[in-house]
Amino acid sequence: MLVQLFHNEKSLRHLHNNIMEDDAPVIYGLEFQARALTAQVAETDDIRFLVGTQSLKFDNQIHQIDFDDENNILNKNVFAHKDGEIWHISASPVDKNILATCFNNVSDTKCEMAAALWRIPAEFDVGLDDTSSSSHSLQLLCRLEHDSYSNMFSVLWQPNGEGDKVITMGEGRFLTWDLNASGTQATMTGVASLEAKGQPKFTAGRWNPHSNATQIATANDTSIRLWDLRSMEQVSNIDVAHMQCVRNLDFNPNKQYYLASCGDDCKTKFWDTRKTDEPLLVLSDHSHWVWSVRFNHFHDQLVLTSSSDSRVILTSVASISSEPLGHLVEGEESDDDDQDDSSRDGQKRAPQTNGVLASYEEHEDSVYAAEWSTADPWLFASLSYDGRVVINRVPRAEKYKILL
Amino acid sequence: MENSYDKAGATEETTRRSDRHGMLKSYYGMEKGAMKEAGAQEGVDINGLYFKPDLYIEKLLKEKSLTELMDKESEMVKQIRSLDSDMQTLVYENYNKFISATDTIRKMKNDFKRMEDEMDRLATNMEAITEFSGHISGTLQDRRQQIQKLAGVHALLKKLQFLFELPARLKKCIEMESYAQAVRYYMKAQKVLLQYQHMPSFQGIQEDSDAIVKELKTKLRQCFRNKNSSQQELSECVDLLLQLNEPAGELCDDYLAHSKQMLDEYLSQLEYQVKLNSGEERLKLPSELDRPAEAYMNPPMDILEFVDCGSNVFIGNICLVIASYTDMFINRTTRDEDWDATNEIAHKKLVNFVMTLMDQYFSYVEKRMQLEKETGDNTILVRALDRFHRRLQAMNSLLPDTDFARIGTDIVSRVAHGRVMHYLQALKQHFSDCLTDIRQSLAAPRIVGKPEGAGSNNLSELLMSAEVAVVDQIKSVLSNLQAFIALDITFAMKPYFRNEFCTVEVREGLMVAFLQHIHHTAMEFCDSMSDRGSAPPTLLLLLSRLCIDFENGTISYLVNLVDDQFMLASNQQVTSITSLCHTFKETAQKLLNHYVSMQGLIISQMLRKSVETRDWLNTIEPRNVRAVMKRVVEDITAIDTQVGQLYEEGVRKERSSDSSRRTFGNFSMSRQQQRSQWGRYTPSTIDNSLMSNIQKLFSEKIEIFSTVEFSKVSVLTGIIKISLKTFMECVRLRTFGRYGLQQLQVDTHYLQLYLWRFVTDENLVHFLLDEIVSSAVHRCLNAVMMESSVVDLICDRG
């Protein structure tokens with residue numbers, strides 16, 4: 001069997017800078033268990049991730065991880081999050097210092113989920129003070145709370161928006177909110193409820209970045225639903241998207257109607273939302289529940305999935321990506337500063353094939369989240385329940401296959 | 001001379017006689033030549049022919065003494081005397097003979113004189129006769145010439161009479177329908193008529209007879225067109241018409257047209273049969289027919305009758321047509337210079353004619369053969385095909401430029417192909433029926449409500465019966481198909497049919513295709529997206545075992561059976577047994593994996609619902625094991641019995657003495673162990689993640705949905721792994737109060753008590769349960785564990 005790599009526990013608080021070999025993963029350990037991971041979306045220069053911890057007994061923290069790609073060094077900042085254990089974290093797409101969390105409000109007899117917006121304290125600048133052991137507190141901007149609705153398990157920022165609209169996903173409903181410019185005030189603008197027999201609960205939601213962000217997709221039990229935010233009505237649904245519970249969703253950033261879903265049946269499926277009777281593609285490489293699925297923001301043939309089988313798998317779904325034959329339009333990628341050389345021979349590319357590109361085995365517990373960096377399209381972070389963050393890269397060979 | 005007298009008295013007589021002969025001979029000069037050879041030395045031989053007395057005397061005088069000479073002299077005197085007496089006796093002896101000879105000669109002289117007279121008389125008589133005869137012939141000469149002339153005139157007149165009577169005769173002949181006679185007459189007369197046609201009377205006759213012959217021709221033509229006329233009549237007609245110098249080409253056409261009429265009738269009969277069988281046309285009710293009897297004339301025929309009818313009536317007639325056509329138009333003795341050309345044209349016409357008709361015939365036969373779907377047994381069909389094929393082979397020799405046998409064999413191949421496809425379909429149907437049966441019998445006990453054990457008792461029986469049914473079905477199909485290559489079947493001996501049929505059709509098209517079908521059906525069950533995804537898990541288990549059994553022997557048995565029965569050489573390019581086995585092994589694996597994940601899912605769902613729906617913060621102190629845990633153990637036990645019927649136990653990891661003690665009542669060890677493990681997660685422990693990492697370092701990574709082996713424990717281990725992992729993930733999503741945690745402690749302990757026995761490695765169960773409890777401890781607001789003895793007590797009670 002697999003002999004686990006044992007990391008000196010003393011170094012868990014420090015950055016791990018394993019081997020200087022280029023493709024080696026960088027591992028960072030938190031002292032608490034954790035589920036919440038996000039890239040710092042508004043940050044496009046530095047590779048930064050935010051991780052929220054889960055502990056019922058101690059004060060929870062948010063770790064801001066900064067990865068220095070050139071030197072292969074990790075820097076981190078820790079902020080206290082005293083309101084409770086963090087179940088979900090999301091970063092504002094506009095202001096890199098604003099983030100939203102969903103956390104557990106626990107009393108002896110009750111445990112409720114709440115959501116709030118936070119600001120990372122300004123005087124605390126990244127990388128300057130990593131020796132400090134005392135953690136600074138996050139600055140509360142506002143709580144997303146309403147008298148009649150409670151239990152919010154995730155906050156979705158409007159993609160590509162002004163950072164003034166969020167959605168909170170609750171157990172049987174989701175709410176839309178407007179924020180004021182500073183983010184200190186949130187007003188609920190709408191609510192949509194899930195109507196079905198039993199007590200249906202949402203398990204995931206995802207805001208569609210296309211069509212002016214007027215659509216979101218939600219998952220409850222085995223089905224996926226699409227909602228129009230203008231009317232707050234359900235517009236379509238996929239009844240049995242997975243054999244078991246659907247855990248996560250993601251929209252293809254480059255193809256308007258393409259949606260990925262993953263779930264407890266160990267499968268990742270790709271859907272065309274216009275034609276939902278059959279999935280476009282099914283991946284079943286994981287051996288346990290798939291907890292997250294993410295398209296690469298730049299090269300949507302790269303799909304990252306993480307699972308409670310402790311694996312993160314990078315798959316190529318070239319056949320249904322926006323670049324099924326490589327780059328057909330010259331200069332399409334020229335916006336991305338690190339891909340200028342890619343358009344030279346873009347026309348002559350052989351079609352890429354579907355299939356697993358890499359399976360990352362650095363985790364030893366269930367991996368509940370994996371996120372692409374918003375700054376480096378070839379880099380991603382994954383977080384397992386035992387608090388281990390692993391930063392990995394797309395294998396070089398695959399990278400060159402896509403670029404050249 | 002002395003010598004002979006010296007000799008004994010007995011020989012003396014003979015010597016003397018021979019001497020006398022010798023003398024007679026010398027007298028008549030007979031031995032002259034021989035004596036000469038004696039040479040000069042015989043000059044001294046006193047008996048020799050050339051004896052010379054002087055020489056002899058001289059010799060005696062020279063050689064002999066006086067006494068000897070004296071003796072010689074006396075001896076000679078004696079000899080001379082005896083010689084004289086001998087001479088006398090001779091003369092006496094022969095004297096009488098001379099006398100009689102002289103008498104005879106004298107008599108003869110007299111006789112000849114009389115004869116001479118008579119001869120003279122004869123000569124004169126003869127002279128008289130000659131004179132008379134000359135006289136008579138001279139008088140009769142005139143009369144004879146006249147008679148000769150008269151005879152010639154008579155003959156001519158006869159001929160003329162024939163000619164004049166010809167029209168009447170012809171008419172009469174025609175009236176009497178003895179056309180052959182008429183033609184003969186006409187042919188006889190025609191030459192003459194042609195020669196003398198310048199004479200008006202003859203011309204009249206010719207015109208008359210021509211008219212009559214024309215009539216005759218039309219009559220013949222009529223007869224020709226009359227479809228009731230028999231083949232023999234026809235050929236007679238044609239023969240006559242040909243004699244009458246009708247153009248052969250036209251006749252060919254006419255003849256063929258006529259034959260076509262007849263053959264078309266047969267063909268339409270066949271077509272009617274085909275339609276009747278295909279249901280395009282229904283049998284007419286007797287009331288609808290003009291004559292009720294017709295109903296019995298066209299009853300639907302079975303295939304054998306059909307082919308018999310086709311080959312006897314149609315092929316028989318077409319053969320007849322070909323034969324008579326060949327006789328009439330092709331093999332006719334050459335009369336014209338351009339006969340070769342017409343011959344060729346005639347032949348071509350025939351071939352075209354036959355081809356079109358045969359094409360039609362083939363199409364009907366094939367249609368009819370294709371209709372033969374329902375019967376399970378092939379023998380009739382094969383016999384029909386054989387007859388069809390044989391008949392065609394016979395035809396081949398009749399018409400050299402065609403290859404109907406080949407076309408026939410092609411049809412046979414196609415029919416055989418159709419049959420194979422039909423059987424394949426039947427096999428598929430049978431297999432899906434089998435599956436339906438299995439599903440029904442799997443579902444039945446549950447409806448009746450029999451205990452689970454009784455319902456699953458017959459799993460292995462079900463499997464056996466399904467396997468036997470499938471194999472039997474294949475065997476019966478194979479034996480049915482063997483009819484196609486039976487020894488007495490002619491087309492079975494054609495290599496291009498046989499190879500194709502045995503290899504491509506039977507082995508690949510039927511056997512391999514059917515096995516592939518089983519494989520595909522099984523795979524469909526694995527694909528959860530298809531309609532069959534809802535198959536009961538027991539069916540999956542059964543199918544997986546079926547695939548294993550197939551892989552373990554049935555495939556090679558069946559394929560070898562095919563190879564044997566159809567005598568296939570092993571070196572051909574065919575799907576190998578190993579590749580088939582490999583496919584089946586994979587299928588079995590997939591089915592079993594699917595079974596495990598489905599059963600795991602069912603138990604997972606139970607556990608998930610039980611964890612999700614409970615408020616773990618506000619629960620009371622545990623008194624019992626939750627019912628769902630008992631249900632889980634029951635279900636797993638049921639699965640265990642189910643799997644146990646089809647799969648062997650499998651290998652377990654050696655149980656440590658520690659664990660056996662743990663299971664058999666001595667709980668102190670486990671209690672200590674538990675306490676020591678779970679004690680780590682007390683709130684005071686800061687380094688809990690460190691501890692859990694250390695713990696994980698020493699445990700193995702667990703593949704949850706991994707491939708299982710074909711054994712009971714492996715299957716059960718798979719199911720339990722999935723269930724417990726789900727349990728853990730659900731626990732991690734909840735927050736527990738003190739009693740919530742304790743309830744979980746009780747539940748996991750209960751599971752630990754019962755689940756170890758099902759798995760390959762009980763440490764695995766312990767590890768997963770420990771994980772669950774430690775996760776719950778993490779998720780607990782007030783983590784106080786229950787006293788182990790209480791846990792034991794509760795579990796014992798529950």
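**Entry 1. Loop residues of chain A**

I looked up A:Asp221 in this predicted model and found it partly exposed, with a relative accessible area of 39%. That value lies between the 20% limit for buried and the 50% limit for exposed, so the label of partly exposed follows. I located A:Asp221 in the loop between β16 and β17 (223-228) of chain A. I then read its backbone: phi of A:Asp221 is near 50°, a positive value although the residue is not glycine. I noted this because most residues other than glycine have a negative phi.

I turned next to A:Ser211, which sits in the loop between β15 and β16 (215-220) of chain A. A:Ser211 is not a glycine, yet I read a positive phi of about 40° for it. Its relative accessible area is 35%, so I entered A:Ser211 as partly exposed.

**Entry 2. Chain A as a whole**

I recorded one helix and 29 strands for chain A. Of the 404 residues in chain A, 59% are buried. I also took the contacts of chain A with a separation of 6 or more: residues 24 or more positions apart account for 52% of them.

**Entry 3. Aromatic pairs**

I asked how many aromatic pairs there are over all chains. The count, with ring centres required to lie within 6.5 Å, comes to 18. For A:Phe174 and A:Phe202, I noted ring centres 6.1 Å apart and planes at 55°; that angle is neither under 30 degrees nor over 60, so the pair is tilted. This pair links distant parts of the chain: A:Phe174 belongs to strand β13 (residues 173-179) of chain A and A:Phe202 to strand β15 (residues 202-207) of chain A, with their positions 28 residues apart.

Are these two rings buried or exposed? A:Phe174 has 0% relative accessibility and therefore counts as buried. A:Phe202 has a relative accessible area of 4%, so A:Phe202 is buried too.

I went on to A:Trp372 and A:Phe380, an aromatic pair with 5.3 Å from centre to centre and 75° between the planes, which is edge-to-face. Both A:Trp372 and A:Phe380 are buried. I also found a cluster in which ring pairs link A:Trp289, A:Trp291, A:Tyr368 and A:Tyr385.

**Entry 4. Chain B as a whole**

I then moved to chain B, for which I recorded 27 helices and zero strands. Buried residues make up 42% of the 798 residues in chain B. Among contacts in chain B with a separation of 6 or more, 79% are between residues 24 or more positions apart.

**Entry 5. Helix α16 of chain B and its partners**

I examined how helix α16 (residues 459-482) of chain B packs with helix α17 (residues 495-526) of chain B, and read an angle of about 165° with the axes 12 Å apart. Since angles over 145 degrees count as roughly antiparallel, α16(B) is roughly antiparallel to α17(B). Their crossing is right-handed. I listed the residues that meet: B:Val470, B:Ile474, B:Val477, B:Leu478 and B:Leu481 from α16(B), and B:Phe501, B:Val506, B:Leu510, B:Met511 and B:Phe514 from α17(B).

I compiled the same items for α16(B) and helix α20 (residues 627-646) of chain B. The axes of these helices come within 8 Å and cross at roughly 35°. The crossing of α16(B) and α20(B) is right-handed. On the α16(B) side I found B:Leu459, B:Ser460 and B:Leu463 making the contact, and on the α20(B) side B:Gln642, B:Gln645 and B:Leu646.

**Entry 6. Single residues of chain B**

I looked for B:Asn560 and found it in helix α18 (residues 537-565) of chain B. Its relative accessibility is 36%, so B:Asn560 counts as partly exposed. I then took the separation of the C-alpha atoms of B:Asn560 and B:Arg507, which is 9.9 Å, although the two residues are 53 residues apart along the chain.

I closed with charges over rings. The charged end of B:Arg545 sits over the ring of B:Tyr647, at 5.1 Å from the ring centre. I entered a further case for B:Arg614, whose charged end sits over the ring of B:Trp616 at 5.4 Å from the centre.

Technical notes:
Residues are numbered from 1 along each chain as its sequence is written. Chains are lettered from A and ligands numbered from 1 in the order in which they are written. This is a predicted model: local features need pLDDT of at least 70, side-chain atom pairs count only at pLDDT 80 or more; totals for chains, interfaces and linings use all residues. Side-chain values use heavy atoms; hydrogens and water are left out. Rings of Phe, Tyr and Trp (its six-membered ring) pair if their centres lie within 6.5 Å; planes under 30 degrees apart count as stacked, over 60 as edge-to-face and the rest as tilted. Helices (H or I, at least four residues) and strands (E, at least two) are DSSP runs, numbered from the N terminus. Buried means under 20% relative accessible area, exposed over 50%, partly exposed in between (1.4 Å probe, protein chains only). A charge sits over a ring if NZ of Lys or CZ of Arg is within 6 Å of the ring centre and within 35 degrees of the ring normal. Axes are lines fitted to C-alpha atoms, for helices over the stretch in contact, and angles run from 0 to 180 degrees between N-to-C directions. Angles under 35 degrees count as roughly parallel, over 145 as roughly antiparallel, 65 to 115 as roughly perpendicular and the rest as oblique. A crossing is left-handed if the near helix is turned anticlockwise from the far one by less than a right angle, and right-handed if clockwise. Contact means heavy atoms within 4.5 Å.
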